[in-house]
2 protein chains.
Amino acid sequence: MYRLLLALGLLLSLSARAEEGMWTYDAFPSEAVKRAYGFAPTQAWLNQVRLGSVRLAGGCSASFVSPQGLVMTNHHCIRGCVEDLSSPRKDLLATGFVAPEPKDELRCPKVEANQLVEMTDITARMNAATQGLSGAAFNTGLKAEMAKVEAACATGPEVRCDVVTLFNGGKYHLYKYRRFQDVRLAFAPEFPMASFGGDPDNFNFPRYGYDVAFLRVWENGQPAQSPHYLPWAKQSVKEGELVFVSGHPGGTERKSSVAELEFQRDVALPYTLLHLSELRGMLREFSSGSPERLRTTRARLRSVENGLKALRGRHQALADPSLLSLKRKEEAALRARVTANPKLKASTAGAWEEVAKALQVYRPMLPEYRMKEAGDGFQSELFTLARHLVRAAEELPKPNAERLREYTDAQLPTLRQQLLREAPIPEELEVATLAFSLNRLRETLGADEPFVQAVLGREAPAELARALVTGSKLRDVKVRQALLEGGKAAVEASEDPMVVLARKVDAAARAARKRYEDTVEAVLKRSNERIAQAHLAVYGTTGYPDATFTLRLSYGAVKGWEENGRAVAPLTTFAGAWARHTGKEPFRLPDSWLAAQGKVPQETPLDMATTNDIIGGNSGSPVVNRDGHVVGLIFDSNLHSLGARYAYVPQTHRAVAVHGAGLLAALEHVYAAQRLVEELRAAQPR
Amino acid sequence: MYRLLLALGLLLSLSARAEEGMWTYDAFPSEAVKRAYGFAPTQAWLNQVRLGSVRLAGGCSASFVSPQGLVMTNHHCIRGCVEDLSSPRKDLLATGFVAPEPKDELRCPKVEANQLVEMTDITARMNAATQGLSGAAFNTGLKAEMAKVEAACATGPEVRCDVVTLFNGGKYHLYKYRRFQDVRLAFAPEFPMASFGGDPDNFNFPRYGYDVAFLRVWENGQPAQSPHYLPWAKQSVKEGELVFVSGHPGGTERKSSVAELEFQRDVALPYTLLHLSELRGMLREFSSGSPERLRTTRARLRSVENGLKALRGRHQALADPSLLSLKRKEEAALRARVTANPKLKASTAGAWEEVAKALQVYRPMLPEYRMKEAGDGFQSELFTLARHLVRAAEELPKPNAERLREYTDAQLPTLRQQLLREAPIPEELEVATLAFSLNRLRETLGADEPFVQAVLGREAPAELARALVTGSKLRDVKVRQALLEGGKAAVEASEDPMVVLARKVDAAARAARKRYEDTVEAVLKRSNERIAQAHLAVYGTTGYPDATFTLRLSYGAVKGWEENGRAVAPLTTFAGAWARHTGKEPFRLPDSWLAAQGKVPQETPLDMATTNDIIGGNSGSPVVNRDGHVVGLIFDSNLHSLGARYAYVPQTHRAVAVHGAGLLAALEHVYAAQRLVEELRAAQPR
């Protein structure tokens, strides 16, 4: 596909074209849409769709679809919740779930939903706070100011405030969200239907998944009111029609420097890919060991496989010389413009060189940082809890601005939810993943490295993992609560083996983090900020910022593409799903769908492809028509789009969604979820 | 470590220096050795050491160490044989094996040993055969001529003849070997001792492995005579002493073009690394399922882990910009010299561009080629046997020069041994690896690809793998013999499910091979031959050719190195092994070694590091002193040396060997292998 890029390179390079763009709501290119489609969203339209959009803090998108707090998202976004609500005797992941009444809706222990209510440009304030600083001082100053701004904004647990970096540091905004932590499951189909086709069909199209779930946000023991919501469209969406996607693309690197992209290609992605593929091999084999192992592992395995496939696609995009050749041209063009302007030349002096140098520093440091601090050496929920408890005891007594980011006041509701949630922690899986990661720790850093020696002593990874997991009492929320409330004294007195381990490695892990933050992160941030400011000075803010898991609006059309000279149609049907059923996983339709043959017309559209520019994080985004009414639900993109991290290619990149008509038809005729169907219909405009 | 390279770059770039070099015996730089060490091997010395050297056709090196056909190599080189000779009730891999008498030696079903008796330069003949040819015609002409030359040379099954490509096609030699297919196991230590430290210590040093095995070649029911052998040195080797390593380095890419190295970094190595790491994760978890699974999997797992670690090291070497920057300079220097010479300019016109273009063609083709033809989609011994039977039936009736390489007359003894050997094929492991690879096949090529559809139909990989493995009768040698001898009629009539599968996919697999050979391999070979000829014209043959699993001699010294400012001593001792014992795998010494404390002086040297330039394939190579007497046994190299595929760095690259003194001491005092010790002593010169 990247053969295309070369031809399109210069056209695409400097300004957004066609459907490209993940636009912030305050800078949506309504005029461009009008020129292309004869329709421009008004400010009222934009406000309504923005307030109807929802972010799931764990990394997904969603939307309000009724005034009673009903939220639509993907099944794969709340797969963890369905698993948490399951047990060996009640396997909701396998059977699906329909709450007959609101009171039967089940609380998801780990889910937080956010609604973006306010955006403020605070670039001037942030720049003032870091004026003249560089290196570690710049980073510290930036984080301290973030903590201050966020703390002042977050007036209660129901308010979430994030300082948001846009344009690689060219702009800083303060995003204020309404926060919901009582989020309940109203509807989930069977896992085999939500991810029909499994890993083989993931990122493929034509596609036949029903990756749908409904949640409801509650407040004070009642369904919350959501006056701003997206009503269900009365008209089904057709090929060629203009559609918008409102959601939270997780991250792109379209403005990254060539040095950063080469680092991704040569160092960061290979490291992560190797870790994930070995983990995948282990988890697949582990899950085949018993039905209970399968039950507790399949959601995790699916996430690992999804990540692996996505990152492999990214690596392949970067490994094709034509993409980097385009990026080199873009960078050279920017640098030529910058050099020609004495002010910009001065403000960016040495910036690109500093980026390259910081990455040279990072290269040998990355495995150590990832292993000791970033989780790769301790893949265990219990260890994560233990580390949080140890660090909370250390950090919370400090002044807000001096704490590690995740312990600042504005983050406390998230931290408390994470520490005090009632969710099962499957023991065998914990042992397996911890043993796996301790083994990786030893082989990555070496058996004789002091940190490794401190962790393992004379133990073998598998035996140590078992002793730690079975010996820890942190599975009990009361134990965690006591340690959280008991503070430093309680944590230091604890003899829980996982707490003891977290204590033992904390100084070295913090040191690895500090080395990384001071010598890599700080330099990259400061240099990129200088480059980004120059970019804005040269090209202005007519472009869109790289994705940062903040709310964006994209526009496009329902449209197929050409694959090796053959047309791929944009819509699939129920008939296609029935035809793809082989009876063998992952191509086995659940009984509910087999039974629905005859009840749902076979030509009913099921999934669709659109040209909207999206990326991971957009999962669960509503697709709306020009009325702002729901016509679909994003759940994936096609294989070509895996390169969208670095560039959008209009010819082949496609978003993949459940079609609104098929979504509703299955809800009604496959799942008999009449209450939800009526709620959606009642919410439609007269 | 590659920081060093940059500084050394220009010095190292154009001529071999210091201990660098894997020299062919007909061009050993005796004068350089004399200048450095005051000793030069004579022609008689070279002949003796060459004839004392042995190649194990499966991919290792070895040596004759007595006149009665006694062969020394590494345990890891014959781990497969020890496993083949084991059963659930007699686990030789766990217990080790000492044959009390020659008659108790056990035949290794898969091992072939070769002794290089003659080398002939046939460059002129090969060039004449391909004169004026290019592309597929060049490749076909080259292979046909190889088949002709080899067939004429191989006068019986005891003669093996290989046309050997040297200097990337700049030279062609005919290597004539004495072939031994009756190879028997005389001694093997316990697997946990042979690979003490396991994967964590692999490629590490200081090291404490006893990776030793003794075989014996037999002829006509008697131990074979081996008048040319390497006697055991009477003097133990010391730090700083000159030593030679005679063995078969498998492959290097030191003369490869930059385009080829970038292809390795971006495409080939990532593909293989991901495959291996997932396989590793699967096998580790699989092997933990039961003692029998562990018994049948540990050798395979160890090989996979070794390959993974080696390839990861290669990738890291290529991912460091300083190595490629050195290679770019070397290539630019050669091209400048070539351009300045009208004749060379004409003879290399377009050669580098053709290499780059062939790799662009290969890029999208590689996964298909690897999956359909090169084994990645069908990781199963039974499938490999089935494919050989199907293809032998098709190929053998053709004229010799028109057959696929592996079915030419000169290859028949190897093929027959492979098809007719009596070796167990563990069923559960077969099912697991075949299911793994079928799954990889589907995900790599896509669920809807016609080849995948033909293989899987409506089956799931795991179920299909089980049906194929349990349904096949190819485990029975008699069944295979009948199919081999029955030819095309028998193979076409076979209803064995594995044969049916091999038949079904053969046309498509052959087509993928032909596409690769005609459009990639042929172009690369021809262009590289032209570049290589120009290289020889410019720089002469004073250098050494890239390694090609042919016999080479390297020289160096017993020597440590500096690691982060700390000196690493070149010798380890028995005391070190006892200290490293934790009682937990892979740091658990077997009882025999624990019991030997007190019997062997603790300061006895166990392993050692030398500066010899070696690479994978050199495993099992004898280390000899200036008398040509054995002072050690190569079994590994250090982590730095993983980059030796592309360049040798004298400061840090080290070969790792079992020290001759420790080898003999353990044989005598740990294993009481008195008969072998006496045989070695009796063979020492008076």
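This is a short chat about how chain A and chain B meet in a predicted model.

Student: Anything to know before we start?
Tutor: The model is predicted, so local features need pLDDT of at least 70, side-chain atom pairs count only at pLDDT 80 or more, and totals for chains, interfaces and linings use all residues. Residues are numbered from 1 along each chain as its sequence is written, chains are lettered from A in the order in which they are written, and side-chain values use heavy atoms, with hydrogens and water left out.

Student: How many residues does each chain give to the contact?
Tutor: Chain A gives 43 residues and chain B gives 43 residues. Contact means heavy atoms within 4.5 Å.

Student: And what area is buried between them?
Tutor: About 3,600 Å². Carbon and sulfur atoms give 45% of that. Buried area is the accessible area (1.4 Å probe) that two parts lose on being put together, summed over both.

Student: Which residues of chain A lose the most?
Tutor: A:Leu274, A:Glu285 and A:Arg458. Together they make up 16% of what that side buries.

Student: New topic. How many salt bridges are there between the chains?
Tutor: There are 16 between chain A and chain B. A salt bridge here is a side-chain nitrogen of Lys or Arg within 4 Å of a carboxyl oxygen of Asp or Glu. One joins the side chains of A:Arg580 and B:Asp448, at 3.0 Å from N to O.

Student: What turn lays chain A on chain B?
Tutor: A turn of 180 degrees, with a shift of 0.0 Å along the axis and an RMSD of 0.0 Å. That is the relation of a two-fold axis. The superposition is by least squares on C-alpha atoms of residues with pLDDT of at least 70 in both copies.
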